[in-house]
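Student: Could you take me through one part of this model closely, with attention to how its aromatic residues and strands are packed? Please connect the details in one account.

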Amino acid sequence: MHTLDVVTETEIEQLRTEIADELAGLRFGKVFQIDPMSLAIDFFPHSGRYLFISFGPRLGATYLIRRRLKDLERAAVHQTPFAIDLKKLLFGMEFVGVSRIAGSKAIRFDFRDVHGDVVSLAIQLGRHRPNLFVLNDDDIVIESGKAGTEPGQKVGEKYAPPIDEVVTSDEVSGNIDGSLSDLLDSESRSRESAEKFDRLAVAARRTLNNEIQKRVKLIKNLENDLLKHGEPGKWKRYGDLLLANMGNIRREGDKMIVTDYFDGDMPDVEVPVDQNASPSDTAETYFKRYTKARNGVAAISARLDTVNLEIASLRSRMSDLEAAILARDEQTLADFLPAKKPPMPKAKVKKELAEVRGARRFISSDGFEILVGKKAVDNDFLTFRVARSMDTWLHAADYPGSHVIVRNPGKKDIPAKTLIEAARLAAFYSDARELPKAAVRYTQRKFVNKPRKAAPGLVSLSSFKTILVEPQIGDLTAT
């Protein structure tokens, strides 16, 4: 048998032997999530092969695969909760054996921890009931890859394989030369390669069809624009007739009756006009309309020719694409795919300064960092280079002094105790130090502005509150 649908007794036994020989004495390691219902499990010490388990809707299968670690890491997707729990339950446990579950297309892997407790994996093979279960010592289901609905398939129940998964004697085939795992892995990779090619082919067709349809739509829009411009020669003729008949024009409502002197029979011609417009103004309007239409028709016609050439080129490329798809020429197919967008540059993370130049550093009782400027230029650097918009800014009211910043990286509400401690520092490091009580203004840094050409340390506040405190450092210690 040479398909991924491994269900015969001979094949199950051959896989069981291969896996048992390869994993004997190894310990459960890292889990790679290949897709939502496929896993590759590493065992340590690493043997160069991984245990692959699939329990998706199309097929339940397990065999050994050979991959480079970086290829697995590149192919892995975000782990499902089941995969995370599986690693937590089995990590570091020793593989002690794999056996066939009698009378079914399921096999069982047993793992033992350092205390001798056993946890097992039951894998249901084939296309009918693929699933993966984690069993405890008493064969009770404690986790499942997919929710089971039949008896013995639900969490908390004693595990039992589906009764219609029994292998019949008609399904028994002869031995397969070589490694069945390698054969299945090769088939899987070939199938994945073919599916990848088909996906690329669909994407390339879609890309070319979209480009063609864009241009077909553009042609319709351009043709509509041509209709809106009308016939340039008609507008010029009206203008010429009006100028040639200035002395004998008859007006009838929204029409002017003129004689066509350019026709040998000199018939009367009706020219549509605005009832309030003079003949000369109407003639000028028609000449302007003629110029606009003439230029527009020329530009649109040239654009139509260009777009039609582009459509012909794209349809030729579509023929080349179909030939490449028929020949399964992946290298040529790649030329038809849209170029990958370069990765967006990662935003530079602003580094936190361990020591802020020109500032004293305190830690409040609530654990908030408080920075106190030393000189006027240090105050500017602290307020406008170090502080963030949601940090709290403080300064003694009406007295020269230090700018004080309460760092707030979590953008939380500043506790009242921290606010009072910061205000006391602002009062202490100001000319109000000797006062029994001092007023301190505080606000968020985003409300602090630097007036144009203002001296160092001078700021303006668009919003603030005031607190009255005793100037002191208190129990705080500079760090």
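Tutor: What follows is a close look at aromatic packing, then at one strand and two loop positions.

The model is predicted, and every value below is computed from it. Aromatic pairs make a convenient start, and their count comes to 15. One of them joins Phe43 and Phe111, whose rings are stacked at 6.2 Å centre to centre with 10° between the planes. Phe43 belongs to strand β2 (residues 38–44) and Phe111 to strand β6 (residues 106–112), so this pair ties together parts that are 68 residues apart in sequence. Phe43 has a relative accessibility of 1% and therefore counts as buried, the cut-off being under 20%. Phe111, at 0% relative accessibility, counts as buried too. A second stacked pair is made by Trp235 and Tyr286, with ring centres 6.2 Å apart and planes at 20°. Planes under 30 degrees apart count as stacked, so the angle of 20° meets the criterion. Trp235 sits in helix α5 (residues 232–244) and Tyr286 in helix α6 (residues 279–326), so here the linked parts are 51 residues apart in sequence. Both Trp235 and Tyr286 are buried.

Returning to the phenylalanines, Phe43 and Phe111 are members of one aromatic cluster, together with Phe28, Phe95 and Phe109.

Charged side chains also meet aromatic faces. Over the face of Trp235 lies Arg289, at 3.7 Å from the ring centre. Trp235 thus has a ring partner in Tyr286 and an arginine over its face. Arg433 is placed in a similar way over the face of Phe428, at 4.2 Å from the ring centre.

The strand to consider is β15, residues 392–396. Of its 5 residues, 5 are buried, so β15 is largely enclosed by the rest of the structure. The burial applies to both faces: Thr392, Leu394 and Ala396 are buried on one side, and Trp393 and His395 on the other. β15 pairs with strand β16 (residues 404–406) in the antiparallel sense, over 3 bridges. It is also joined to β17 by 5 bridges, again antiparallel. Trp393 appears in both pairings: Ile405 stands opposite Trp393 in β16, and Thr443 is the bridge partner of Trp393 in β17.

Two loop positions complete the account. Ser430 lies between α9 (416–428) and β17 (438–444), in the loop that leads to one of the strands paired with β15. Ser430 is buried, its relative accessible area being 8%. Leaving aside residues up to four places away in sequence, Ser430 touches Ala396, Pro400 and Gly401. Of these contacts, Ala396 is among the buried residues of β15, which connects this loop position with the strand just described.

The other position is Phe336, in the loop between α7 (330–334) and β13 (359–363). Phe336 also has a relative accessibility of 8% and counts as buried. With residues up to four places away in sequence left out, its contacts are Ala204, Thr207, Leu208, Arg317, Asp320 and Leu321. Of these, Arg317, Asp320 and Leu321 have numbers within the range of α6 (residues 279–326), the helix that also holds Tyr286. Leu226 is 110 residues from Phe336 in sequence and 34 Å from Phe336 in space, C-alpha to C-alpha.

Note on methods. Residues numbered from 1 in each chain as written. Predicted model: local features only at pLDDT ≥ 70, side-chain atom pairs only at ≥ 80, totals over all residues. Heavy atoms only, no water. Helix = DSSP H or I, 4+ residues; strand = E, 2+ residues; numbered from the N terminus. Buried < 20%, exposed > 50% of the residue type's maximum accessible area, 1.4 Å probe, protein only. Contact = heavy atoms within 4.5 Å. Phe/Tyr/Trp six-rings, centres within 6.5 Å; stacked < 30°, edge-to-face > 60°. Lys NZ or Arg CZ within 6 Å of the ring centre and 35° of its normal. Pairing = 2+ DSSP bridges.
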